[in-house]
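Here are a few exercises to work through with the viewer open. Try each task before you read its solution.

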Amino acid sequence: MQQPRPETHVPSLVVGWVLAGSFDEVDRAAIRLARSDVLRRLEEAFPAFEWRMPVVRRAELGQARRIEPVELLDAGVIEREANQWDFVFVVAAADLQSYFRPYALGAPAQSIDCAALSTARLDPDMTEGDLPRDERIALLAQRIGALALHLFGHLNDAPHSEHPEDFMYDFRAVSDLDRMTRFSEETRKVLEEALTEAADLRLEEEHGVPRGAFRFYLHALTDRREEIFSAVLQVRPWRFPFQFSKLTTAAASTLIALMISAEAWDLGMRQPAAHVALLSALALAGTSYYLIHKQNLILHRHARRLTEQQAVTALSVIFAVVLGMFTTYVLLFLTTVALGQTLFTPDLIGEWATSLHGDVTMTQYFSFAAFVAALGISIGALGASFEEQGYFRHVAYVDEET
Ligand SMILES: [Zn+2]
């Protein structure tokens, strides 16, 4: 028998902390302090929710001096799904591997509601010299807390702020964290909205009935489209061709090889528009599936049952990869059209593509370009499968190197 829900139900939100690896005594004290600080600040800023912050230790992780943020994020997702948390902070003493900046203090991944952060560069001992123990712990705790809340903002779609005291301030140096002590009213409003959605999701999960997987995904797609949309935006998949050099190299080589061969022009230009459209759609779907599978982008956990959060995560990753491959496709298409128009004149192509009998139109250039782009992303995906898994997943998950 189902109990009627009381009218005064306070929506709850759970933010888990995963402590990865071993910490020295100062770190441990500072993390404890930071956690209760973050809890208090969230309770004060968002009193409409009931906040909980369980802590889990994963000592075997992050023992090396440097760690891939995706390794920490993976551990966070496992805990999040096992314990049904809404958000996770994974804290490590190890320094985070960064690819686009000299170093990273944190790595938020909105699509999986998880953020990794490192204490390696936060210790005041490195910036302020010798401080009394209590002061050192208090300052370190302030930095960890401010960093965690900055990342929390990113997980909930808050933009950067101009105010140095706002947690969403786009800080440059570690010492900037010392001044970040509050959420400005604009930031707070954005967060409140995102949190209300997250709390709704939790409520639905607590009371929802299990459905078939397909209907479940469909429901998540229609119901959570804004969340999926913003997660995909955070990944910025249009960067894919510029960040995956193996993808781009393989795709560009294919383009060149096809453009200088007469048979390719003949074959490509002869295809009806419907054929190249179908070929392009198949190439896009096939390469996206291949990369998601090959790079392990959707991890199947032994969760008790499929949750809507998992569905949202999977859909965000799928859309991001499809969009990334589509960007590559469009670039190849435009390059082929541009080169075709400038270097490969209708006279020349008329001679090459003999089956057209000299009848070369713009539509046929487009057909050829789509043909080249479809083959280009297919070979490109093979190249991208040689990208290091850590790097590929870093680009696919991490929204910013904070
Ligand atoms: Zn930021």
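A residue is called buried when its relative accessible area is under 20%. Keep in mind that this is a predicted model.

**Exercise 1.** Find the donor atoms of the zinc ion and name the geometry of the site.

*Solution.* Start with the contacts: NE2 atoms of His 150, His 154 and His 160, together with OE of Glu 400, coordinate the zinc ion at 2.0 to 2.1 Å. Next, take the angles among the 4 donor atoms, which run from 93 to 130°. Four donors count as tetrahedral if all angles lie between 85 and 135 degrees, so the site of the zinc ion is tetrahedral. For reference, the ideal angle for four tetrahedral donors is 109.5 degrees.

**Exercise 2.** Where along the chain do the donors sit, and are His 150 and Glu 400 buried or exposed?

*Solution.* Write the spacing of the zinc donors: H-x3-H-x5-H-x239-E. His 150 belongs to helix α4 (residues 133-155), while Glu 400 lies in the segment after α15 (389-397); the two are 250 residues apart, so this pair links distant parts of the chain. Finally, apply the accessibility cut-off: His 150 and Glu 400 are both buried.

**Exercise 3.** How many cavities of 30 Å³ or more does the whole structure hold, and what lines the largest cavity?

*Solution.* The search returns 1 cavity of that size, and the largest cavity has a volume of about 40 Å³. Now list its lining, which includes Asp 37, Arg 41, Gln 142, Leu 149 and Phe 167. Helices α1 (25-45) and α4 each contribute at least two lining residues. Sorted by class, the lining has 6 nonpolar, 2 polar and 2 charged residues.

Conventions. Residues are numbered from 1 along each chain as its sequence is written. This is a predicted model: local features need pLDDT of at least 70, side-chain atom pairs count only at pLDDT 80 or more; totals for chains, interfaces and linings use all residues. Side-chain values use heavy atoms; hydrogens and water are left out. Donors are N, O and S atoms within 2.8 Å of the metal (3.2 Å for Na, K and Ca); water is not among the atoms, so sites may look incomplete. Four donors count as tetrahedral if all angles lie between 85 and 135 degrees; four count as square planar and six as octahedral if opposite donors are over 155 degrees apart and all others between 65 and 115; anything else is irregular. Helices (H or I, at least four residues) and strands (E, at least two) are DSSP runs, numbered from the N terminus. Buried means under 20% relative accessible area, exposed over 50%, partly exposed in between (1.4 Å probe, protein chains only). On a 1 Å grid over the protein atoms alone, a cavity is a set of points where a 1.4 Å probe fits but cannot get out, and a pocket is an open set with protein on both sides within 12 Å along at least five of seven lines; lining residues have an atom within 4 Å of a point. Grid points are joined across faces, edges and corners, and a volume is the space filled by probe spheres set on the points. Ala, Val, Leu, Ile, Met, Phe, Trp, Tyr, Cys and Pro count as nonpolar, Asp, Glu, Lys and Arg as charged, and the others, Gly among them, as polar.
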